[in-house]
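Q: I'd like a close look at the enclosed empty space in this protein. Please take me through it slowly and say what surrounds it.

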Amino acid sequence: MQGAPAAQVVTPDDTTPRPRGRALNPSLLIGGAIVAAIVLLALLSYVWTPWPPMRVLPVEPYQTPNAEHWLGTDRLRRDVLTQILVGARTTLYVGLVAVGVAAVVGVPLGILAAMSPGWLGQLVMRANDVLLAFPALLLAIMFAALYGGSTRVAMIAIGIATIPAFARITRSGALGVMKTEYVVAARAAGRSPLGIAWRHVLPNVAGLVIVQASVSFAIAILAEAALAYLGLGTPTGQASWGRMLFEAQTTLRSAPHLALIPGAAIALSVLGFNLFGDGLRDWLDPRLENR
């Protein structure tokens with residue numbers, strides 16, 4: 001009887017390709033680092049700030065950065081570094097609530113439009129198009145006329161204006177999922193539409209929603225800063241990067257650092273969330289791995 005074949009010995013020189021995990025791209029790493037830094041600054045402001053946030057200090061206004069006030073003082077003799085730390089908290093809070101509202105409303109609408117009969121899906125998307133015609137700034141002006149300018153008004157306006165983006169991206173992904181064999185099989189087995197949406201559609205569009213949330217967060221930061229600058233967002237007495245820009249517009253020649261510092265914070269935050277969103281898209285979509 002012929003013996004069993006000898007086992008193949010794999011030497012270190014074997015060139016057989018081995019599976020490996022997908023490498024994190026630079027956009028994801030850089031964007032994630034910037035986002036993490038902003039989140040840490042916001043969390044730090046809850047436990048420590050160089051000075052009380054709204055305290056008027058017994059010092060000269062418009063101080064340039066020095067050993068006692070690392071980023072100087074503003075026209076109200078407040079510490080600028082403290083305002084930046086607390087402003088990061090306000091910015092993230094507005095972004096989280098606005099994006100959360102948009103996702104909670106927009107994602108179900110997108111799934112409903114994809115899974116409904118033709119006329120109902122078209123009705124949902126046409127209503128979505130109507131809402132798309134009202135940008136956050138216009139909605140904030142309308143709401144401010146009715147309820148007055150406040151952080152809450154800014155959050156609601158930004159959230160409502162961002163709903164169409166979530167509805168569109170969710171519908172696009174859900175239409176592809178609805179054509180798959182496992183969804184067809186689930187329908188044939190008599191599973192309810194709600195069960196299909198929860199068990200099959202939502203998990204498969206979650207990656208798209210996460211990427212859209214990151215990009216929308218950057219848009220929300222810009223919108224909040226613009227609304228605060230126009231006096232329709234965060235009111236006087238609360239730290240906000242947009243409010244800091246508004247208060248610094250009269251001192252651009254004498255104290256330009258009061259505008260440059262919050263402006264740089266806004267630009268860096270928007271850059272970080274955009275890079276993070278692009279990196280997430282590339283990392284979550286295997287079709288973009290070698291592009």
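A: Let's start with how to read the model, then go through the cavities one at a time.

This is a predicted model, where local features need pLDDT of at least 70, side-chain atom pairs count only at pLDDT 80 or more, and totals for chains, interfaces and linings use all residues. Residues are numbered from 1 along each chain as its sequence is written, and side-chain values use heavy atoms, with hydrogens and water left out.

A cavity is a set of points on a 1 Å grid where a 1.4 Å probe fits but cannot get out, and lining residues have an atom within 4 Å of a point. By this rule, there are two cavities of 30 Å³ or more.

Take the largest cavity, which holds about 90 Å³ of space. Around it sit Asp74, Arg75, Val80, Gln83, Met244, Glu247, Ala248 and Leu258. Two elements each give two or more residues to this lining: α2 (80-115) and α8 (241-248). From α2 come Val80 and Gln83. The largest share, three residues, belongs to α8; these are Met244, Glu247 and Ala248. (Helices here are DSSP runs of H or I, at least four residues, numbered from the N terminus.)

What kinds of residue make up this lining? There are four nonpolar, one polar and three charged residues. Asp74, Arg75 and Glu247 are the charged ones, while Gln83 is polar.

Now for the second largest cavity, with about 40 Å³ of space. Its lining is made of Arg78, Gln83, Thr236, Gly237, Gln238, Ala239, Ser240, Arg243, Met244 and Glu247. Once again α8 supplies the largest share, three residues. By class, we get two nonpolar, five polar and three charged residues. Ala239 and Met244 are the nonpolar ones here, and Gly237 is among those that count as polar.

Put the two linings next to each other and some names come back. Gln83, Met244 and Glu247 line the largest cavity, and they also line the second largest one.

Finally, some context from the record. In an unreviewed entry, UniProt places "domain: ABC transmembrane type-1" at residues 88-277, though such annotations may be inferred rather than shown by experiment. That span is 83% helix and 0% strand, with its end C-alpha atoms 19 Å apart. UniProt also lists residues 258-277 as one of its "transmembrane region" entries. Over residues 258-277 the chain is 100% helix and 0% strand, and the end C-alpha atoms lie 30 Å apart. Leu258, one of the residues lining the largest cavity, is where that listed region begins.

Technical notes
On a 1 Å grid over the protein atoms alone, a cavity is a set of points where a 1.4 Å probe fits but cannot get out, and a pocket is an open set with protein on both sides within 12 Å along at least five of seven lines; lining residues have an atom within 4 Å of a point. Grid points are joined across faces, edges and corners, and a volume is the space filled by probe spheres set on the points.
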